[in-house]
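Biologist: I am new to this structure. Please take me through one part of it closely.

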Amino acid sequence: MATAAKPDARIRLGIRVRGVVQGVGFRPYVYRIARARGLDGFVRNDAEGVWIEVEGAEEDARGLARQLTAGAPPLAAVTAVDVEDLPLAGDATFRVLESGPGVPGRATIPVDAATCGACLEELFDPSDRRYRYPFVNCTDCGPRYTIVRETPYDRTKTTMDAFALCGPCLAEYENPFDRRFHAEPNACEECGPKLEFQRPGNAALNGAAALAAAVEVLNGGGILALKGLGGLQLAADARDGRAVARLRSRKGRPSKPFALMARDLDTARAVGEVTLEAERAMTSPARPIVLLRRRTHSTLAEEIAPGLGEAGVMLPCAPLHHLLLADGPPLLVMTSGNLSEEPIARENETAVGKLSGIADAFLLHDREIHTRADDSVVRIVAGQAQPIRRSRGFVPDPIRIPVPPHSAAVLGVGAGLKNTVCLTRGDEAFLSPHIGDLENFEAIGFFEEVVEKLKRLLSVEPAAIAHDLHPDYFSTRWAIASGVPREPVQHHHAHVAACLAEHGRTEAVIGIAFDGTGCGPSGELWGGEVLTADLIGFRRAGHLRALRLPGGEAAIRQPWRTAAGALLDAGETLAALDGVEPGRSHAIQNMLEKDLRCPAATGAGRWFDVVAALCGFHGTVTYEGQAAAELEALASADRADPYSFELSGGDQDTPFEVDLRPMVREIARARQAGAPVRDVSSRFHETMASVVLESARFVRHVSGLETAVFSGGVFQNRTLTERAKELLEADGFEVLIHRLVPANDGGISLGQAAVAAFRLARREGRI
Ligand code: ZN
Ligand code: ZN
Ligand code: FE
């Protein structure tokens, strides 16, 4: 037995490594350790991850197994290392083998990763052969998902197949001791992609001249369209108020916040508060945009994020960004190159055509983007990152979900806005990048392209398609037209299921699903829902009092209309809306009194609209959630007293209602008495947190359930989420909040897929 052998005796070990270990330089890493320790044997990828057999001195063989996690390549995430003793086989050398037997197409598809430290050093080292080469990359960094067409991930199956490796690059690529061993996008100035600068009416420039011209555009206050990792981006000097204002007006985006790209952490710190968690997220290989609390005295143009207390900041993620920020302004607005709410532009010609009315010049290159991916956005909530948009750097990392054994692949097609789709393979769920609002041809085309690509990369066909109940969503109609068996999943059930699934949980919980609007089982407008739910079904335990929306959609754009309805419902006059032009408020009062075109909705987001309007937001919202976001920016961190509300009803057959009319009366009076909006906003947030607590208590009392799940777009609100979580935990609840997928409709497809998998299993008697 090996364990009884002397330390210098020869033994053989089989080592199973699980986690994200393919396409991240793991095999060469093992090779280097094995060679350094004088071990023989082999390493290969297979269906479960990486399989290693080593033979040699016991100390070295076991040492290698221990070493696997400690110094693993930065993009690897080792979840388990299992070691077993094997009989000696007498290998004479150590070899890196091609992929072993496994399910075809089972290999993982790596994510795009930000430029690593070693490549960055080369980028700025005048003696390096890749000095200032904008496409430097290695096994630890560079484009992946955005350039791959098919699996297994190999250069010939990426858009890098257009570039033949030169001698020195090929030597690196083939040398297991080189950090560019099998770096599929490996390239240099000689053989790789090249920059091109275009400005209408001027000859195109290449290479260093292209970069210099682009920097000049930015320094001169111009707008530059540049080709990033996942699509075209628009950049302008963020310190230049006029440049930012010009970008806003040309892009048709009056107030939605712009993301920023900062040269380094110190530059980011001048803009907002970089907590330890924020720093961790900002410097991770995914390089998402991280929402930071803004400094009151920053050099930032106010137009960046009007009325908001936060700014989204990211660090450079590609070498091209590093070069631009090193030579040009240290802080750039960096927004996706699209017209409002269309997907990010991808192809050079299309981009130039579409963006020529916005950009003054273009910085392009000849490496094709195969799949677009927007920049991802995260917010730090309750001490951890929470995605708001999960795209570049995260996609297509699978999310493990607790599906029953032998589950067939299912496809969730999401909702209508902020759409994503989700395809499962076994217990792995693959979410698409952010697709956008399925209201224009571009987004619909992207939706279909993404579904096809996921099916191709995973080599699976879905046995069922899960969709929303809303009959008018493109995704619903697409699911019906597909002819594949369907699984309709109610919107708020899908929200709660998404959170359950990402936490690997399957049991019944109290689901607090707060969003703007979603379709109820009979077409009602839901959105302030308290459910009991598991991954199969749900029951509506309670809901917020319904609000009437004068003019329907018009009320969502003009929150004061909903506030007028809330005031009349609470027995108040419209005096608290004295900033609204009297003619208009009279017309709305008339509609409400005659009940003309005033659909009722329980949406929690609409209650945020009401209070925002009572705090003076009398305009028209120009992006989803604007009034609520500006209201949150007003809330102070100090504890405030909640306003009054009542829970009523709630027997076996009817759900309880959270009556918020007492709060409306208190706010109306407070505002007329001159109460500052800061106080009103703080007290309102405290009220909503108390509503969550009392609702959860009510359900716990009747059901015995003690775990609460928060989901829906309203839980992007940090103030509410953190406070409600704190209140519930102090009262003995376990609280689950989103960590892997967005709380907004971007997470819906995961919940739909999980529910479909469970319903199929139950129907087929597997559970
Ligand atoms: Zn690198
Ligand atoms: Zn080369
Ligand atoms: Fe929703």
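Biologist: What spacing do the donors of the zinc ion (ligand 2) follow along the chain?

Modeller: A word first: this is a predicted model. Along the chain, the zinc ion (ligand 2) has donors spaced C-x2-C-x18-C-x2-C. Two parts of the chain meet here: Cys169 sits in helix α4 (residues 167-174), Cys188 sits in the loop between α4 and β6 (195-198), and so the pair ties together parts 19 residues apart in sequence. Both Cys169 and Cys188 are buried. Now the full set of donors. Cys166, Cys169, Cys188 and Cys191 coordinate the zinc ion (ligand 2), each through SG. The distances are 2.2 to 2.3 Å. The angles among the four donor atoms run from 104 to 117°. That site is tetrahedral, because four donors count as such if all angles lie between 85 and 135 degrees.

Set the iron site beside it. The iron ion (ligand 3) takes His491 (NE2), His495 (NE2), Asp515 (OD) and Asp745 (OD) as its protein donors. They lie 2.1 to 2.3 Å from the iron ion. In sequence, these donor residues are spaced H-x3-H-x19-D-x229-D. Distant parts of the chain are linked: Asp515 is in strand β24 (residues 509-519), while Asp745 is in the loop between β32 (734-736) and α22 (748-763). The two are 230 residues apart. Asp515 counts as buried, at 3% relative accessibility. Asp745 is buried too, with a relative accessible area of 14%. The four donor atoms of the iron ion (ligand 3) make angles of 86 to 173°, and the site is irregular.

Definitions and conventions. Residues are numbered from 1 along each chain as its sequence is written. Chains are lettered from A and ligands numbered from 1 in the order in which they are written. This is a predicted model: local features need pLDDT of at least 70, side-chain atom pairs count only at pLDDT 80 or more; totals for chains, interfaces and linings use all residues. Side-chain values use heavy atoms; hydrogens and water are left out. Donors are N, O and S atoms within 2.8 Å of the metal (3.2 Å for Na, K and Ca); water is not among the atoms, so sites may look incomplete. Four donors count as tetrahedral if all angles lie between 85 and 135 degrees; four count as square planar and six as octahedral if opposite donors are over 155 degrees apart and all others between 65 and 115; anything else is irregular. Helices (H or I, at least four residues) and strands (E, at least two) are DSSP runs, numbered from the N terminus. Buried means under 20% relative accessible area, exposed over 50%, partly exposed in between (1.4 Å probe, protein chains only).
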